[in-house]
Amino acid sequence: GFFTAPAPPAAPPVVVVTLANACSVLLAWEEPDGRGSAVGEYEVEMSLDGRPGTFERVYSGEQRTAEVAGLQPGRCHLFRVRAKNAAGVGPFSAPLTPAKTGAAPP
C-alpha cells in the first residue's frame with residue numbers, strides 16, 4: 001500500500017464565540033483534519049488589535065472549548081486557534097474570531 005507520513009493538522013475550520021460577558025468569553029471550535037495523526041492538543045491565542053507580535057497564548061489543552069477570563073469589559077478581543085499532533089503544529093485558524101466583552105456592571 002501507499003503510505004504517507006503524518007503531517008501537522010489543518011487549521012480548525014470553525015471558531016465561534018459561544019458566550020461573552022464583561023470579563024470572559026467562551027470559545028468553541030471544530031476538530032480539523034488530523035492529516036494522518038490524531039489531534040492531541042489545541043492552542044488559543046488572543047490579541048486586542050490583531051497585529052503581529054501582540055498575540056498571547058490564553059489556552060492550551062485537549063478540549064475543543066476554552067474559557068478566557070480576566071478580560072477588560074467593553075472591548076473587542078481577537079482570537080485564533082491551532083491544533084497540534086504528533087507530526088507538529090498546524091496553522092492558525094483564519095480569519096481571526098472577534099469577541100466583544102460586555103459592559104462592566106455599574
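This passage walks through the predicted model of a single chain, from its overall make-up to a few of its strands and residues.

A good place to start is the chain as a whole. The model contains eight strands and zero helices, so the order of elements from the N terminus is simply β-β-β-β-β-β-β-β, with strands taken as DSSP runs. Taken along the principal axes, the C-alpha atoms fill a box of roughly 65 × 25 × 20 Å. The chain has 106 residues, and 36% of them count as buried. Its accessible surface comes to about 6,000 Å², and carbon and sulfur atoms account for 54% of that area. Charged side chains are present in both signs: there are 9 positive and 10 negative ones, and the centres of the two sets lie 7 Å apart. Contacts also reach across the sequence. Of those between residues at least 6 apart, 62% join residues that are at least 24 apart.

With this overview in place, the pairing of strands can be followed. As a general point, the strands of a sheet pair through backbone hydrogen bonds, in either a parallel or an antiparallel sense. In this model, three strands form an open sheet in the order S1-S2-S5, with antiparallel pairing. Strand S1 (15-20) and strand S5 (65-68) are the edge strands, each pairing on one side only. On average, and with direction ignored, neighbouring strands of this sheet are turned by 25 degrees against each other.

Within this sheet, strand S2 (residues 25-29) pairs with S5 in the antiparallel sense over four bridges. Two residue pairs help to locate this pairing in the structure: Ala28 has Thr65 of S5 as its bridge partner, and Val25 has Val68 of S5. The side chains along S5 alternate. Ala66 and Val68 point to one face and are buried, whereas Thr65 and Glu67 point to the other face and are not buried.

Another set of pairings involves strand S3 (residues 39-47). This strand is mostly covered, with seven of its nine residues buried. S3 pairs with S6 in the antiparallel sense over eight bridges, and Glu43 has Arg82 of S6 as its bridge partner. S3 is also joined to strand S4 (residues 56-61) by five bridges, and these two strands run antiparallel. Here Glu45 stands opposite Arg57 in S4.

Finally, one residue of S6 deserves a closer look. Lys84 is found in this strand, which spans residues 76-85. Is Lys84 buried, partly exposed or exposed? Its relative accessibility is 25%, and because buried requires a value under 20% and exposed a value over 50%, Lys84 counts as partly exposed. Leaving aside residues up to four places away in sequence, Lys84 touches Pro9, Ala38, Val39, Gly40, Glu41, Glu43 and Val89. Among these neighbours, Glu43 is the residue whose bridge partner in S6 is Arg82. Lys84 also illustrates how separate parts of the sequence are brought together: Gly34 lies 50 residues away along the chain, and the C-alpha atoms of Lys84 and Gly34 are separated by 8.6 Å.

Notes:
Residues are numbered from 1 along each chain as its sequence is written. This is a predicted model: local features need pLDDT of at least 70, side-chain atom pairs count only at pLDDT 80 or more; totals for chains, interfaces and linings use all residues. Side-chain values use heavy atoms; hydrogens and water are left out. Buried means under 20% relative accessible area, exposed over 50%, partly exposed in between (1.4 Å probe, protein chains only). Contact means heavy atoms within 4.5 Å. Accessible areas come from the Shrake-Rupley method with a 1.4 Å probe; for residues, only the protein chains shown count as cover. Lys and Arg count as positive and Asp and Glu as negative; His and the chain ends are not counted. The place of a charge is taken as NZ of Lys, CZ of Arg, CG of Asp or CD of Glu. Two strands pair if DSSP finds at least two bridges between them. Axes are lines fitted to C-alpha atoms, for helices over the stretch in contact, and angles run from 0 to 180 degrees between N-to-C directions.
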